Amino acid sequence: MIRIGFASKLDIRNSPGFKGYQPLLSSNNDPENVGDMHEGYEIGWEELDPKSDDSKRSNDGAMTGANVWPTELPDFRKSMLKY
């Protein structure tokens, strides 16, 4: 689980492109529950080595725009994109 201290700035609910950290109980598929017991990290496609003109990262609609990366975990971006 990601530490709460910096998780709030990575929270998927703060991203207009629905990217970032999805904490436990943040979504709910059953209205009788308080939330779902899963967590995740949502990213979209991007080049491992960013180009100077990366039009795929533009903010031109839902699910677009730059990914949200934690600065506290310097290898996280590279590991996720290689995966």
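Leu25 is found in the loop between β1 and β2, and this predicted model can be explored from there. The two strands that flank the loop cover residues 20-22 (β1) and 40-42 (β2). Leu25 has a relative accessible area of 43%, so it falls in the partly exposed class, which runs between the 20% and 50% cut-offs. Its backbone is a bit out of the ordinary too. Most residues other than glycine have a negative phi. Leu25, though not a glycine, has a positive phi of about 65 degrees.

Leu25 also takes part in a feature of the surface. Together with Leu24, Val34 and Met37, Leu25 makes a nonpolar patch of about 430 Å².

A positive phi turns up at Phe18 as well, with a value near 60 degrees in a residue other than glycine. Phe18 sits in another loop, the one between α1 and β1. With 45% relative accessibility, Phe18 counts as partly exposed.

On to the inside of the model. In soluble globular proteins, nonpolar side chains tend to be buried together. Here the largest nonpolar core has five residues: Leu10, Tyr21, Tyr41, Trp69 and Phe76. Since core members have to be buried, each of these five has under 20% relative accessible area. Leu10 gives a good view of the surroundings. Leaving aside residues up to four places away in sequence, Leu10 touches three members of the core, namely Tyr21, Tyr41 and Trp69. Its other contacts, counted in the same way, are Lys19, Gly20, Val68 and Pro70. As for where these residues belong, Leu10 falls within helix α1, which spans residues 4-10, while Tyr21 falls within β1 and Tyr41 within β2. Phe76 belongs to helix α2, residues 76-82.

Strand β1 also holds Gln22. Gln22 has a relative accessible area of 16%, so it counts as buried, the limit being under 20%. Its contacts, again without residues up to four places away in sequence, are Ile12, Ser27, His38, Glu39, Gly40 and Glu42. Among them, Gly40 and Glu42 fall within strand β2.

Charged side chains pair up as well, and the structure holds three salt bridges. One of them joins Glu72 and Lys9, with 3.1 Å from N to O. Lys9 is in helix α1 and Glu72 is in the loop between β2 and α2, so this pair ties together parts that are 63 residues apart in sequence. Glu72 is partly exposed, because its relative accessibility is 33%.

A further bridge is formed by Glu46 and Arg77, at 2.8 Å from N to O. This pair, too, links distant parts of the chain: Glu46 is in the loop between β2 and α2, Arg77 is in helix α2, and their positions lie 31 residues apart in the numbering. Glu46 is buried, because its relative accessibility is 5%.

The remaining bridge brings together Asp11 and Arg13, with an N to O distance of 2.7 Å. Its two partners fall in opposite classes. Asp11 has 11% relative accessibility and so counts as buried, whereas Arg13 has 56% and so counts as exposed.

Conventions:
Residues are numbered from 1 along each chain as its sequence is written. This is a predicted model: local features need pLDDT of at least 70, side-chain atom pairs count only at pLDDT 80 or more; totals for chains, interfaces and linings use all residues. Side-chain values use heavy atoms; hydrogens and water are left out. Patches are made of residues with over 30% relative accessible area and no salt bridge: like charges are joined within 9 Å, nonpolar side chains (Val, Leu, Ile, Met, Phe, Trp, Tyr) within 5 Å. Accessible areas come from the Shrake-Rupley method with a 1.4 Å probe; for residues, only the protein chains shown count as cover. A salt bridge is a side-chain nitrogen of Lys or Arg within 4 Å of a carboxyl oxygen of Asp or Glu. Helices (H or I, at least four residues) and strands (E, at least two) are DSSP runs, numbered from the N terminus. Buried means under 20% relative accessible area, exposed over 50%, partly exposed in between (1.4 Å probe, protein chains only). A nonpolar core is a set of buried Ala, Val, Leu, Ile, Met, Phe, Trp, Tyr and Cys residues joined through side-chain atoms within 4.5 Å. Contact means heavy atoms within 4.5 Å.
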